[in-house]
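Biologist: I'd like to go through this model with you, one question at a time. Put it up on the screen and let's get going.

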Amino acid sequence: MHNKTIEQALKELSTSDKGLSQQEAEERLKQYGLNEIKEAKKISPWKIFIGQFNSVVIWILIVATIISAFLKEYIDAIVILIIVVLIAVLGFIQEYRAERAIEALKKLTSLVATVIRDGQKKEIDAKQLVPGDIIVLETGDKVPADSRLIEVFNLQAQEAALTGESQPVKKNTDVLSEKMPVADMKNMVFSGTIVVSGRAKAVVAATGMQTEIGKIAAMIEQVKPEPTPLQKKMDQLGTTLGKVVMAIAAVILVTGLLVHKASVIDMSLISVAIAVAAIPEGLPAVVTIALAIGTQRMLKRNALVRRLPSVETLGSTTVICTDKTGTLTVNEMTVKKLFANGKIIDVEGVGYETKGQFLYKGKPAGIDEIELLLRIGALNNNAELKDNSLIGDPTEGSLIVSAAKAGLIKEELEIEYKRIDEIEFTSERKMMTTIHKRHGEKIAYVKGAPEVVLKLCNYAYINGKAKKLTEEGKKEILEINKEFADEALRVLGFAYKTLVDTNPEKNLIFVGLQGMIDPPREEVKIAVEKCKKAGIKVIMITGDHEITARAVAKEIGLTGKAITGAKLDEIKNLEDWVEDIVIFARVNPEHKIKIVDALKKKGHVVAMTGDGVNDAPALKRADIGIAMGITGTDVSKEASAMILTDDNFASIVNAIEEGRGVYNNIRKYIGFLLSGNISEVLIIFFGIVFGLPLPLTATQILLINLVTDGLPALALSADPFEPNAMSRKPRKQDEPIYKGLNPFLVYYPIAMTIVALLVFSWFYFKKDNLLQAQTATFLTISMFELYQAFASRSTIYPAFKVGIFKNKYLVLAVLSSFAVIATSIFIPSFGRFLDMAPIGILEFVVIMMVSSIGAITIEVSKHVKTRNELVEA
């Protein structure tokens, strides 16, 4: 409708400026349906719970539970089952908030609409609106449906939530060209946006799912969330683990049948028992607990995580796509430059905080030179600022703040300079005049577009006096205006006159210019620099103008190509271009999804930040969607995986650091737990190959998994993060989670297998006591694991560099495990229940000393690899 005249629009919608008849409206309601967002089918709590079992590792554990029960190893079966249920319950609790994006969209629609039907103005439920209805809009109204304006009286609409436009949009009834971004459709108003000033009449062009918000709702439904990098890696690990376990079980079965001539049933039971022993039952539980602890740590750093795996996803992020308005910027217009008395003056401060200096060439400027300019800005003004909160137009709010920085308080000025008349701003006039009375004298204050105001000026205010303004002088002022505009400042010109005639807008005295912008947050520049250091690319995606986006990007340190949404539409293979682009301006919601998809095709893990309705589909499509907690709409929050509670871009960097820390800790558990299980399987496997009895009993294996491995693993979940996390580049998306863990998963198991089989053989052949030999093997494996727990404090650096005893929970867990081990060996009445036999003190001490070989092997490997690296405190 934006490309049609008012008459054409009314004709196409079969209506008139007198509105529809009630009967016709009811007929159309049957045709078009209610003006509401259709709710997607809700995900049931039961489906969320079942979804927790959608993991290869969990499937393996379930199979292990069934097999353990079949082998009558009921304790093993019960323990594994409890772990599986615990994992599912923890995940369910975190994700039960589920997908309520469509419900949130419904909150954006108006409850009541003012409509003209049968020629009469009346209020109806907004759900009853149909295309062709004539609606009436007033200041403060929420627009009930997408509509073509037919009458406008100084109408401005706040559309930031829909388009990303930071300033209220001045509306008109002009005919526009057909291909036009939503943000530039100034003859249209859109469902869910707010009328901030003026009034209007409009004809409803689209309702319900056909509105721009409705289209976004449909896009959200179509976007299917993909598995997170961690989920993919854990499934990859589970698949690898499953294949290895099956291969080992098969080899043991064949070896037993061919070498030892054992029965098929006996060897089947033994091979299955070994396969069960190879599964690290505690790994998924420890990973889930680590992620849950990560969410709590992130919350303390102003990041609320809605889905557990998203904690780790942050750590693998390679690109952050961020909205400009309210995310990189403060979403508060701020005067940054003045031109008065022939001088350009910089204004410090950000947002509506009334603190900040005026600087001329880096030194404090005299307030007397700018006092009149600031006074006009404060008095020719209909906005109000209360407790740093603005009521009214953001541009006028910035003028109140700039005056307050010089000690000129609007409320106090209005007492001294009482307003007695006003000529309001219109889009045609592009200026506003207020008339004030002071000591019996009338003064006209004027503000508006600089070129318009200058045409009405014959004088300029220089050094406290009105001097003749020449054409050359006007050109110089317009050059300054262009200079300000090139820096993406919105510029207003200011003038005044003492009224001695009846025309307050003639023979004016030009006073100066004020240039304002929605400035970057002060901490964003540092955050962007940290991202660069961490190997993370920052891309600005905004509905705002390119020149504004470039100016903000320059201030925060973003450099690279910029393109508009219109140019984006012309690019077919965006993935071939996207690596070089850092600014996307004047974009629509569809563009944002296109950008995210292009980045994903290039192998990036994409985080998308945003606060508006227009961000929701891309938030959901991204690997991790990050919504703003304070300024964010309900829609963006519900579509996101994480919410910033302080709306601070810098908090994203903190969250990424936490995510990397959590991932590194998960690698610690994998290194610690898997190495033990691999070693146990190798010990049993080679024992059978060499014709030895089983080196461990089933009870001893369970005790190792639960006590020797389980307690330290839980303590490692609270371990401080690896040093230098933000100095390393993001890991590759296809990189296995166990990459770089050779000291843990290869060298250590080899060392343990050799030592454990030697110990078993010595006790078995020398003392001819199988249970004592199994007990000595149990002690060897347990002590290997307890030493390794301290080596696992870092998978990158030697333990002495990160502090061997820094984790007090780990020290306590190791001491507790050691106490259980010693008690089971030296107290026969207790040991009998755990398949233990007493061994001598000297033998106990020798085994303790020899068992340190595994941890020493790991520590030497890490030292060789990182000997030249410095560890940050």
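Biologist: Which residues are linked in a network of salt bridges?
Modeller: Ground rules first: this is a predicted model, where local features need pLDDT of at least 70, side-chain atom pairs count only at pLDDT 80 or more, and totals for chains, interfaces and linings use all residues. Residues are numbered from 1 along each chain as its sequence is written, and side-chain values use heavy atoms, with hydrogens and water left out. A salt bridge here is a side-chain nitrogen of Lys or Arg within 4 Å of a carboxyl oxygen of Asp or Glu. With that rule, the residues linked in a network are Arg297, Arg301, Glu657 and Glu658.

Biologist: And how many salt bridges does the rule give?
Modeller: It's just a count of the pairs that satisfy the 4 Å cut-off. The tally comes to 28.

Biologist: How many helices and strands are in the protein chain?
Modeller: Both are DSSP runs numbered from the N terminus, with at least four residues for helices (H or I) and at least two for strands (E). The chain's C-alpha atoms fill a box of roughly 120 × 70 × 45 Å along the principal axes. Inside it you'll find 33 helices and 28 strands.

Biologist: What percentage of the residues count as buried?
Modeller: Buried means under 20% relative accessible area, exposed is over 50%, and partly exposed is in between, using a 1.4 Å probe and protein chains only. Apply that to the 873 residues of the protein chain, and the buried share is 56%.

Biologist: Take glutamate 505: which residue does its salt bridge reach?
Modeller: The closest N and O atoms of glutamate 505 and its arginine partner at 429 are 3.0 Å apart. The two sit 76 residues apart, glutamate 505 in the loop between S21 and strand S22 (508-517), the arginine in the loop between strand S16 (418-423) and strand S17 (431-438). At 13% relative accessible area glutamate 505 is buried. The other end, partly exposed at 24%, is arginine 429.

Biologist: How far apart in sequence are the parts tied together by aspartate 623 and lysine 600?
Modeller: Their side chains meet in a salt bridge with an N to O distance of 3.9 Å. Aspartate 623 lies in the loop between helix H23 (616-621) and strand S27 (624-628), and lysine 600 is in helix H22 (residues 589-601), so the separation of the tied parts is 23 residues.

Biologist: Why is H15 called largely enclosed by the rest of the structure?
Modeller: The buried residues of H15 include Pro394, Leu399 and Ala404. At the start of H15, a side-chain oxygen of aspartate 393 reaches to within 2.9 Å of the backbone nitrogen of threonine 395. H15 counts as largely enclosed because its buried residues number 11 of the 11.

Biologist: Which side chain makes a polar contact with that of glutamate 396?
Modeller: Glutamate 396 is found in helix H15 (residues 394-404) and counts as buried at 10% relative accessibility. A polar contact is a pair of N or O atoms within 3.5 Å; within protein, one must be able to donate a hydrogen and the other to accept it, and residues adjacent in sequence count only if both atoms are side-chain atoms. At 2.7 Å, the partner of glutamate 396 is lysine 447.

Biologist: Which backbone nitrogen does the side chain of threonine 211 reach?
Modeller: Threonine 211 is in the loop between strand S7 (194-206) and helix H8 (212-222), and it's buried at 1%. Its side chain reaches the backbone oxygen of glycine 208 at 2.8 Å. The nitrogen, at 3.0 Å, belongs to glycine 214.

Biologist: Over to the surface: which helix gives the largest share of the nonpolar patch?
Modeller: Patch members have over 30% relative accessible area and no salt bridge; nonpolar side chains (Val, Leu, Ile, Met, Phe, Trp, Tyr) are joined within 5 Å and like charges within 9 Å. Areas come from the Shrake-Rupley method with a 1.4 Å probe, and for residues only the protein chains shown count as cover. Phe826, Ile827, Phe830, Ile841, Val845 and Met849 make a patch of about 550 Å². The largest share, three residues, comes from helix H32.
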